[in-house]
Amino acid sequence: MMQQNLVALQSILTKEITRYFRIWIQTLLPPAITMSLYFVIFGNLIGSRVGEMGGVSYMAYITPGIIMMSVITNSYSNVVSSFFSAKFQRHIEELLVAPVPNIYILLGYIGGGVSRGLITGAIVTGISLFFVDLQIHNWLVVFIVILLTSILFALGGFINAVFAKKFDDISIVPTFILTPLTYLGGVFYTITLLPDFWQKVSMANPILYMVNAFRYGFLGYSDISLVTAFSIIGLFIVALFSFSLYLLNTGKGLKS
């Protein structure tokens, strides 16, 4: 039985990876172009006027945040678009009635989102080398943070896809929630520059913890304690994974 479940997991994961590689011009190329523009505009043009931030050049400071932006966006969008398409085209029922535990279905979709997030992150990291000399302070922190963040936003994309009723619904969360939280998550600035009140408001933004923990892995600098950051990320993953599995087990949002 375990072997059958692993075969099912591998099949879903292979399908997901094949899907976004087949349309790489839509899935992998746009993030590379977009993030290159961030490096040129915010790094070269604006960064030269800003000077140093956090004890390093502005370009080096924003690089981890830009990489994280690409990981967040692509992990989320891969799952939300894939699972909603399966639901919209009415072939998700075939998967749900198959003799496979729902947890393996969920893990398959999460794995697809994580793989796209990591590949995009690697592409953007490669592009960043043309603009800045990256120094890795702690490889382990870098890997763990980017992996956990990919998992978290893959789960977020799955939940969005379950509740979406039409294609427009899968763009509402990224546009009105995800994008503002990302820009206000300390990607382009340190929260120590903000007044006390806005620093406290920023602490309610979960992306702030991910960006700062990731930045620590590169620069050894963070506005947030690593213990706090990992605790917040871990709590969100447990909560979203449990809720996602609950939605699959009960069929909420999946029934016509």
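How far apart do the end C-alpha atoms of residues 170-194 lie, and what share of the span is helix? The end C-alpha atoms of this span are 33 Å apart, and 56% of the span is helix, with 0% strand. The legends below describe close-up views of a predicted model.

**Figure 1. Two spans from the UniProt transmembrane annotation, residues 103-132 and 170-194.** An unreviewed UniProt entry places the feature "transmembrane region" at residues 23-46, 58-77, 103-132, 139-164, 170-194 and 224-248. In the model, residues 103-132 are 87% helix and 0% strand, and the end C-alpha atoms of this span lie 41 Å apart. For residues 170-194, the helix share is 56% and the strand share 0%, with 33 Å between the end C-alpha atoms.

**Figure 2. A nonpolar surface patch with residues from α2 and α3.** The patch covers about 870 Å² and is made by Trp-24, Ile-25, Leu-29, Ile-33, Leu-37, Val-40, Ile-41, Leu-45, Ile-46 and Val-50. Two elements, α2 (24-27) and α3 (29-50), each give two or more residues to the patch. Helix α3 supplies the largest share, eight residues. Leu-37, one of the patch residues, sits in α3. Its relative accessibility is 48%, so Leu-37 counts as partly exposed.

**Figure 3. The side-chain contact between Asn-102 and Asn-249.** Asn-102 belongs to helix α6, which covers residues 102-128. With a relative accessible area of 17%, Asn-102 is buried. The side chains of Asn-102 and Asn-249 are joined by a polar contact of 2.8 Å. When neighbours within four places in sequence are left aside, the residues in contact with Asn-102 are Leu-96, Leu-245, Leu-248 and Asn-249.

**Figure 4. The salt bridge between Glu-16 and Lys-15.** The structure holds two salt bridges. Side chains of opposite charge can pair when their charged atoms come close. In this view the side chains of Glu-16 and Lys-15 meet, with an N to O distance of 2.7 Å. Glu-16 has a relative accessible area of 0% and is therefore buried. Lys-15, at 40%, is partly exposed.

**Figure 5. The salt bridge between Asp-169 and Lys-166.** The closest N and O atoms of this pair are 3.4 Å apart. Asp-169 counts as buried, because its relative accessibility is 16% and the limit for buried is under 20%. Lys-166 has a relative accessible area of 45% and is partly exposed.

**Figure 6. Surroundings of Asn-74 in helix α4.** Helix α4 spans residues 58-88. Asn-74 is buried, at 3% relative accessibility. Its side chain reaches the backbone oxygen of Ser-70 at 2.7 Å. Not counting residues up to four places away in sequence, Asn-74 touches Thr-27, Pro-31, Gly-113, Arg-116, Gly-117 and Thr-120.

**Figure 7. Surroundings of Ser-128 in helix α6.** A relative accessible area of 0% makes Ser-128 buried. Apart from residues up to four places away in sequence, Ser-128 touches Phe-39, Thr-63 and Leu-134. Ser-128 and Ala-60 are 68 residues apart along the chain, and 9.2 Å separates their C-alpha atoms.

**Figure 8. Glu-93 in helix α5.** Helix α5 comprises residues 92-96. Glu-93 counts as partly exposed, with a relative accessibility of 26%. The C-alpha atoms of Glu-93 and Ile-159 are separated by 17 Å, while the two residues are 66 residues apart along the chain.

**Figure 9. Leu-181 in helix α8.** Helix α8 is formed by residues 169-183. The relative accessible area of Leu-181 is 30%, and the residue is partly exposed. Once neighbours within four places in sequence are set aside, Leu-181 is in contact with Asn-205 and Ile-207. Thr-228 is 47 residues from Leu-181 along the chain, and the C-alpha atoms of the two are 18 Å apart.

Conventions:
Residues are numbered from 1 along each chain as its sequence is written. This is a predicted model: local features need pLDDT of at least 70, side-chain atom pairs count only at pLDDT 80 or more; totals for chains, interfaces and linings use all residues. Side-chain values use heavy atoms; hydrogens and water are left out. UniProt positions are given in the numbering used here, feature names are shortened, and annotations may be inferred rather than shown by experiment. Helices (H or I, at least four residues) and strands (E, at least two) are DSSP runs, numbered from the N terminus. Patches are made of residues with over 30% relative accessible area and no salt bridge: like charges are joined within 9 Å, nonpolar side chains (Val, Leu, Ile, Met, Phe, Trp, Tyr) within 5 Å. Accessible areas come from the Shrake-Rupley method with a 1.4 Å probe; for residues, only the protein chains shown count as cover. A salt bridge is a side-chain nitrogen of Lys or Arg within 4 Å of a carboxyl oxygen of Asp or Glu. Buried means under 20% relative accessible area, exposed over 50%, partly exposed in between (1.4 Å probe, protein chains only). A polar contact is a pair of N or O atoms within 3.5 Å; within protein, one must be able to donate a hydrogen and the other to accept it, and residues adjacent in sequence count only if both atoms are side-chain atoms. Contact means heavy atoms within 4.5 Å.
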